[in-house]
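I opened the model to look up its enclosed space first and its ligand site second. My notes follow in that order.

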Amino acid sequence: MKFQKICIIGLGYIGLPYAATFAARGVKVHGVDISPRVVESLQAGKIHIHEPGLQDVLDEALRVGNLTVTSQPVEADAFIISVPTPFQHDKFGEHNGIRFKLADMRAVTSATEAILPVLRKGNLVILESTSPPRTTVELVAPILARSNLQAGADFHLCYSPERVLPGNILHELVYNARIVGGITPESARAARDLYATFVKGEIHETDATTAEMVKIMENTTRDVNIAIANEFARLAEKFGVDVWEAIRLANLHPRIDILNPGPGVGGHCISVDPWFLVEAAPEFSSLIYQARKVNDEQPHFVVEKVKQAFSALSGADGRVAKHIETERSRSVPASLLKNKKIAALGLAYKPDVNDLRESPAVEVIHLLQKEGAIVHAWEPFAPNAKLEGINMASDFDSAIQDADAILLLVSHTQFRTLNPTSVASKTKARIAIDTVNAWNRKDWQSAGFSLYRLGDSKSPTSSLYSE
Ligand code: SAJ
């Protein structure tokens, strides 16, 4: 099948890189977004998200005149739907005492409905948004049937998951293997033809529901693997072990690859998609559910770590696991963090991106504030972000200046490479808490800090350290 013109609905982290890439490779692209801000920004030639290299590809797409952007779909040979599928924030499902989050499919529904007036015989429609299994056949196909055209007979219909990693999208969308799941084999073949415009990775054809399942299985596997790393961090704290060292050593085994613990799992993919399986089949998803719970609880563990650092100042012993126990027995004063000034470094959901969605760092800050701490947050990738209930510092120096402790929540390159001596000269804080294993203990200690690390309950001055 040949494609002269395609229409991409949803110009966010996925849709925009695709639109720009297709257009830069010679396909006429019409991009659609419901946000006037996004449409205006792109019409003015400016990207509205942070993604390395994306502005250059957009510049090229606009230079060759292949990209138009408005708020309404137009007739095209193919339509790609790449809109968000978050979970509902105010509604939960329940099954045998398990409470689970529910997918919010409103954006997929309205994007599909928006295609109806311009859908023609012979078109190809592809859903790329991560969606619960059977969405293509049970949600998208029935909506498109209102056009009086039949999916699979009059037009092609596919599910093809985006699998690109934010921060490396432009490379991965070209070189990753691609899964195209058709509601008929002919649909899958049509989607293969479309992606072959620029995809250099292998393109695998399958059915639509398998393709949906593949995508959720990938992100769920990562979530479960991060959960076990986070659980190992808690166990290491309990046993007086440095989890980072233990993971490094375990990973020397040829078949072991443990991921990194951290303040929790964020973003709009891994912290969301596993819920689609729990919602669809809670009776078969107990491990997946438990992993979600472990990762969602991780910000609480960070707060215990911060308490540990402050209580060590007052002479108390300080393993986090021990703290959890003592807190349960109510012997740790609830006011331990009251009026403590904390500089929180990083609000993004992961390093070197400006995406704050479902960020565990934001949750950590809210929890610290609940404990009475005064938190100033600094996010270099989104310095003007406005988040309810969070005090954003205007720059790094003002975030740390009056702080009692510096809390590292995201391993942005510019935080990893901070010079501790220079930091020490700009703040009165002498407690540093690293939740992502970014800072070298010796260097920070030589600069006068007591450095605490998540998953490492050894005293910051212990000679047992292997570094
Ligand atoms: N994280 C850890 N420890 C780790 C790795 C990650 O705590 O060892 C945390 C991160 O800090 C972040 C979260 O997990 O908060 C998710 O980050 P990520 O880099 O694992 O993944 P995403 O959400 O940016 O992108 C994922 C990718 N999926 C997989 O790697 C299986 C990407 O390929 C998908 O395209 C993307 O989800 C998506 O859009 O679904």
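Which residues line the largest cavity? I listed Tyr-18, Pro-161, Arg-163, Val-164, Glu-172, Leu-173, Asn-176, Ala-177, Arg-178 and Val-199. I keep in mind that this is a predicted model.

Entry on the cavity. I searched the whole structure and found one cavity of 30 Å³ or more. I noted about 60 Å³ of space in the largest cavity. I then sorted its lining by class and got six nonpolar, one polar and three charged residues.

Entry on the ligand site. I looked up the pocket next, and the ligand takes up the second largest one. I found 19 residues around the ligand, and those that come nearest are Glu-162, Val-164, Lys-215, Arg-222 and Tyr-349. I divided the shell by class into nine nonpolar, four polar and six charged residues. Val-164 is on my list for the cavity lining and on my list of nearest residues to the ligand.

Entry on domains. Why does the ligand lie between domain 1 and domain 2? I put this down to the shell, because domain 1 (5-85 + 103-201) and domain 2 (215-291) both give residues to it.

Entry on polar contacts. I looked at oxygen atoms of the ligand and found one 2.5 Å from a polar side-chain atom of Lys-215. For Arg-222, I read 2.5 Å between an N or O atom in its side chain and an oxygen atom of the ligand. With Asn-260 the backbone is involved: one of its N or O atoms lies 2.7 Å from a nitrogen atom of the ligand. Last, I checked cover: the ligand on its own has 760 Å² of accessible area, and the protein covers 86% of that.

Definitions and conventions
Residues numbered from 1 in each chain as written. Predicted model: local features only at pLDDT ≥ 70, side-chain atom pairs only at ≥ 80, totals over all residues. Heavy atoms only, no water. Near = heavy atom within 4 Å. Polar contact = N/O pair within 3.5 Å; in protein donor to acceptor, adjacent residues only side chain to side chain. Areas by Shrake-Rupley, 256 points an atom, 1.4 Å probe, with all protein chains shown as cover. 1 Å grid on protein atoms, 1.4 Å probe; cavity = no way out; pocket = protein on both sides within 12 Å on 5 of 7 lines; lining within 4 Å. Sits in = over half its atoms within 2 Å of the grid points. Nonpolar A, V, L, I, M, F, W, Y, C, P; charged D, E, K, R; others polar. Domains from an automatic or database assignment. Points joined across faces, edges and corners; volume = space filled by probe spheres on them.
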